[in-house]
There are 4 protein chains.
Amino acid sequence: MPRSETTHVDRENKEALIKRLNRIGGQVEGLTRMVAEGRYCIDILTQIAAVRAALDALGREMLHDHAHGCLKDAVRSGRGDHAIDELMRVVARLAR
Amino acid sequence: MPRSETTHVDRENKEALIKRLNRIGGQVEGLTRMVAEGRYCIDILTQIAAVRAALDALGREMLHDHAHGCLKDAVRSGRGDHAIDELMRVVARLAR
Amino acid sequence: MPRSETTHVDRENKEALIKRLNRIGGQVEGLTRMVAEGRYCIDILTQIAAVRAALDALGREMLHDHAHGCLKDAVRSGRGDHAIDELMRVVARLAR
Amino acid sequence: MPRSETTHVDRENKEALIKRLNRIGGQVEGLTRMVAEGRYCIDILTQIAAVRAALDALGREMLHDHAHGCLKDAVRSGRGDHAIDELMRVVARLAR
């Protein structure tokens with residue numbers, strides 16, 4: 001049976017990822033409250049930068065695990081070019 | 001009475017900002033679901049990039065309104081240096 | 001006589017800026033040599049990142065001096081909106 | 001004989017890369033002239049952003065070729081983990 005494309009996220013600690021995403025969701029709610037309360041825009045922008053940094057850190061970790069998991073498997077089973085193109089596209093998007 | 005630092009966000013359409021933040025919150029929930037369902041990591045990473053782009057767009061707009069509002073007022077009332085330092089710091093954080 | 005748009009760069013230590021740009025030019029020549037010698041691509045990419053970081057640091061400093069110089073003067077003399085739009089445009093380009 | 005780490009850049013059109021780097025070197029010289037002539041800082045900053053964009057485009061291409069060349073070879077010959085860590089590190093630097 002060929003390795004499913006979804007295997008990697010299972011291997012990764014799914015619980016931990018979900019916890020981090022819940023925390024990021026909470027940060028976004030915090031942002032909404034700040035706007036509703038008319039907080040100073042620099043404080044809101046600083047919080048936006050913090051949410052972005054949290055998302056970036058999550059993205060970097062998933063990218064790392066993906067490369068060591070799915071990408072390596074894909075190269076070994078002859079589907080490397082497709083997997084590398086996919087990786088490069090997502091790196092370009094995350095780097096923007 | 002000195003101009004309050006919170007005036008600008010009121011002038012800005014607060015409702016529209018909150019709607020956009022709610023949408024971003026929904027995107028983060030979508031991300032959490034994708035992880036819970038064990039979706040392919042490249043799809044999750046693509047979605048992370050989309051949330052980041054939405055946050056960046058919001059940040060750019062707030063920065064624009066802040067500069068044309070609070071910053072201009074601050075320069076005119078002699079508090080320009082402080083306001084400019086604040087702006088540069090937040091720009092550096094958002095650019096990271 | 002209205003303040004010329006070029007005044008700010010004179011106030012800034014022009015010599016220091018030119019020295020830094022010469023050093024960046026030297027780094028680019030170093031890159032060219034690395035490619036000509038067939039050096040390992042990761043080493044070349046690391047050097048590309050270093051040149052980018054040097055350019056970014058230079059850009060951040062110029063932005064800082066510009067905001068505290070030209071921008072403040074522009075706001076005070078009623079040309080603030082134009083100057084702020086210019087600044088936001090260049091910030092967006094540098095952040096990309 | 002094990003595959004040398006420098007092979008990939010040879011395979012890549014080295015001449016084309018050197019031409020592009022020479023052009024970037026010329027852009028940096030142009031920047032130096034702009035500073036020497038006391039040009040308006042927004043114009044200088046716009047040019048800094050252009051040089052950065054040219055470097056980024058070069059980096060993206062080298063990254064693409066590296067991944068499809070050296071990285072794939074490394075994974076196939078059992079040195080994948082090291083090559084992937086290297087790639088992730090350089091991606092993080094380029095994304096900053």
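**Exercise 1. The surroundings of B:Leu71**

Find which residues B:Leu71 is in contact with in this predicted model, leaving aside its neighbours within four places in sequence.

*Solution.* With the neighbours within four places in sequence left aside, B:Leu71 is in contact with B:His66, B:Ala83 and B:Leu87. The next step is to place the residue, and B:Leu71 is found in helix H3 of chain B. A residue is buried if 20 or more other C-beta atoms lie within 10 Å of its own, and B:Leu71 counts as buried because it has 28 C-beta neighbours inside 10 Å. For a sense of distance along the chain, B:Leu71 can be set against B:Cys41, which is 30 residues apart from it in sequence, and the two C-alpha atoms are separated by 42 Å.

**Exercise 2. D:Leu45 and its partners**

State where D:Leu45 lies, whether it is buried or exposed, and which residues it is in contact with beyond its neighbours within four places in sequence.

*Solution.* D:Leu45 lies in helix H3 of chain D. It has 23 C-beta neighbours inside 10 Å, and therefore D:Leu45 counts as buried. Once the neighbours within four places in sequence are left aside, the residues in contact with D:Leu45 are C:Gly59, C:Met62, C:Leu63, C:Val90 and C:Leu94. Within chain D, D:Leu45 and D:His82 are 37 residues apart in sequence, and their C-alpha atoms are 38 Å apart in space.

**Exercise 3. Classifying C:Glu15**

Decide whether C:Glu15 counts as buried or exposed.

*Solution.* The place of C:Glu15 is in helix H2 of chain C, which covers residues 14-36. The cut-off needed here is that a residue is exposed if 12 or fewer other C-beta atoms lie within 10 Å of its own. C:Glu15 has 10 C-beta neighbours inside 10 Å, so it counts as exposed. In sequence C:Glu15 and C:Asp73 are 58 residues apart, while 24 Å separates their C-alpha atoms.

**Exercise 4. Chain A and its second helix**

Describe the elements of chain A, and then check the span of helix H2 of chain A against the one that should follow at 1.5 Å a residue.

*Solution.* Chain A has four helices and zero strands, and from the N terminus on its elements run α-α-α-α. Of the 96 residues in chain A, buried residues make up 39%. Among the contacts in chain A with a separation of 6 or more, 45% are accounted for by residues 24 or more positions apart.

For the span, helix H2 of chain A (residues 14-36) has 23 residues and should span 33 Å at 1.5 Å a residue, and its end C-alpha atoms are 33 Å apart, which agrees. The buried residues of H2(A) are A:Leu17, A:Leu21, A:Ile24, A:Val28, A:Leu31, A:Met34 and A:Val35. Just after H2(A), A:Gly38 takes a positive phi of about 70 degrees.

**Exercise 5. How chains A and B are related and how they meet**

Work out what relation links chain B to chain A, and what the side of chain B that touches chain A is made of.

*Solution.* A turn of 180 degrees, with a shift of 0.0 Å along the axis, lays chain B on chain A with an RMSD of 0.0 Å. That is the relation of a two-fold axis.

The contact itself takes 41 residues from chain A and 41 residues from chain B. On the chain B side, helix H1 (7-11), helix H2 (14-36), helix H3 (41-76) and helix H4 (80-95) each supply at least two residues. The largest share of that side comes from H3(B), with 16 residues. Sorted by class, the side of chain B that touches chain A has 24 nonpolar, nine polar and eight charged residues. Finally, 100% of the interface residues of chain B are also interface residues in chain A, so the copies meet through the same surface.

**Exercise 6. Two crossing helices**

Determine how H3(A) and H3(D) are oriented to each other, and which residues meet.

*Solution.* The axes of helix H3 of chain A and helix H3 of chain D, each covering residues 41-76, come within 9 Å and cross at roughly 80 degrees. Angles of 65 to 115 degrees count as roughly perpendicular, and H3(A) and H3(D) are therefore roughly perpendicular to each other. In this contact A:Lys72, A:Val75 and A:Arg76 in H3(A) meet D:Lys72, D:Val75 and D:Arg76 in H3(D). The residues of the contact divide into two nonpolar, no polar and four charged.

Methods:
Residues numbered from 1 in each chain as written. Chains lettered and ligands numbered in written order. Predicted model: local features only at pLDDT ≥ 70, side-chain atom pairs only at ≥ 80, totals over all residues. Contact = placed C-beta atoms within 7 Å. Nonpolar A, V, L, I, M, F, W, Y, C, P; charged D, E, K, R; others polar. Least-squares fit on C-alpha atoms with pLDDT ≥ 70 in both. Axes fitted to C-alpha atoms, helices over the stretch in contact; angles between N-to-C directions. Parallel < 35°, antiparallel > 145°, perpendicular 65-115°, else oblique. Expected span 1.5 Å × (residues − 1).
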